[in-house]
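Visitor: Please look closely at a single part of this structure and take me through it step by step.

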Amino acid sequence: MLRGTVSHRLLELARGAAGAGEEAADALYEVASRLMAARPYRGSADPALVRAALEADEDVPDGPDFREMVHLVAAIGLGAQEVGGDALSEAFGAFALFGLTAEDWVQMLGAAERGESPPVDWGLLQQRADVLGPVQQASDEQLLRARTVLGGLRMFYGLYAMHALFMPDTPALAALRAKIDEWGMFPILDHVIALSPSPTHFAEGLAVCLEPLFDGLYETLMDQLTADPGLFQIPGDETGAAGFMETWTRVLREQTARARKRAG
C-alpha cells in the first residue's frame with residue numbers, strides 16, 4: 001500500500017534524478033510540483049489565531065503553505081548543495097518545526113556552512129524520507145507501538161484543533177496544547193494526522209510514528225494527561241463533561257447567531 005503513496009512516489013522520483021543531469025533535475029521539479037499540487041498542501045492555521053480572529057470578527061489567517069516542500073524532494077535526489085540553503089530554509093520553515101521560521105533556518109544552515117556550528121548530516125534527509133523501508137524492517141511489536149502512538153496523537157491533535165471551534169478551554173486542555181507548542185509540533189501533526197484516515201493515509205501515519213520523535217511526543221502528552229486528566233472539567237462547574245458540552249453548545253449557538261446577524 002505504501003508503494004502507491006505520494007510520499008513513496010516522490011522518493012522514487014528523487015532517487016531516479018540522482019546524477020542524471022540537468023534535464024532530469026528540471027523534470028524532477030516539474031513532476032514533484034504536479035504530484036504535490038494534486039493534494040492539499042496548505043496546512044491549518046494556528047487554532048488560537050483562528051479562534052481570536054473569529055471572536056474579533058476578523059478574517060481567519062491562512063495556514064502554512066507546504067508546496068515549498070518540493071525543495072526537500074529535490075534535495076533527496078540532487079543533493080542539498082545543489083538545491084541551496086535558502087530554498088531548503090523555506091521548505092523547513094513551512095513546517096515551523098520546533099517553532100523555527102525560514103529566517104531561523106537560514107541563520108542555522110549558514111552557520112553550518114561557515115563552520116561556526118556542526119555540519120548538517122544531509123544523509124538523514126534521505127533516510128527519513130523512506131516510508132517503506134522502516135515498515136518492512138519493523139517488528140510486530142514496533143508496528144503495534146506505532147499504531148498506539150498514531151491513535152494517541154490523533155486524539156491529542158483533535159483536541160488541539162478543536163480549540164479553534166470555541167471548545168471551552170480548561171487548564172488540562174491548555175496544558176496539553178502548551179506541551180505541543182513546546183515541541184513546535186502542531187504543523188507537523190497537522191500534516192501527518194488525519195482524523196478520518198483512508199487506508200493509505202493510515203499506512204503513511206503508521207510509518208511516521210515509528211520515528212522516536214513522535215513516540216517521545218506521545219509519551220510527553222500521556223504523562224501530562226495522567227498528571228491532569230480533567231480535560232472536560234471547567235473550573236467552578238461541578239457537572240463535569242455534561243456541563244462542558246452544554247457550555248460548548250451554548251457558545252456555538254451564540255457565535256452562529258452573531259454570524260447570521262452580521263450577514264443580515
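**A loop residue and the helix pair beyond**

Guide: Phe166 is buried, at 8% relative accessible area (buried means under 20%, with a 1.4 Å probe and protein chains only). The model is a predicted one, in which local features need pLDDT of at least 70 and side-chain atom pairs pLDDT 80 or more, while totals for chains, interfaces and linings use all residues. Numbering runs from 1 along each chain as its sequence is written, and side-chain values use heavy atoms, without hydrogens or water.

Although Phe166 is not a glycine, its phi is positive, at about 65°, and its place is the loop that links α10 (140-161) with α11 (171-183); helices here are DSSP runs of H or I with at least four residues, numbered from the N terminus.

Following the chain out of that loop into α11, one comes to its packing against α14 (residues 212-227), where the two axes, lines fitted to C-alpha atoms over the stretch in contact, come within 10 Å and cross at roughly 155°. The two helices are therefore roughly antiparallel, a term for angles over 145 degrees, and their crossing is right-handed, the near helix being turned clockwise from the far one by less than a right angle.

On the α11 side, Ala175, Leu176, Lys179, Ile180 and Trp183 make the contact (heavy atoms within 4.5 Å), and from α14 they are met by Leu213, Gly216, Leu217, Thr220, Leu221, Gln224 and Leu225. Sorted by class, this contact of α11 with α14 comprises 8 nonpolar, 3 polar and 1 charged residues, with Gly counted among the polar ones.

Definitions and conventions
Buried means under 20% relative accessible area, exposed over 50%, partly exposed in between (1.4 Å probe, protein chains only). Axes are lines fitted to C-alpha atoms, for helices over the stretch in contact, and angles run from 0 to 180 degrees between N-to-C directions. Angles under 35 degrees count as roughly parallel, over 145 as roughly antiparallel, 65 to 115 as roughly perpendicular and the rest as oblique.
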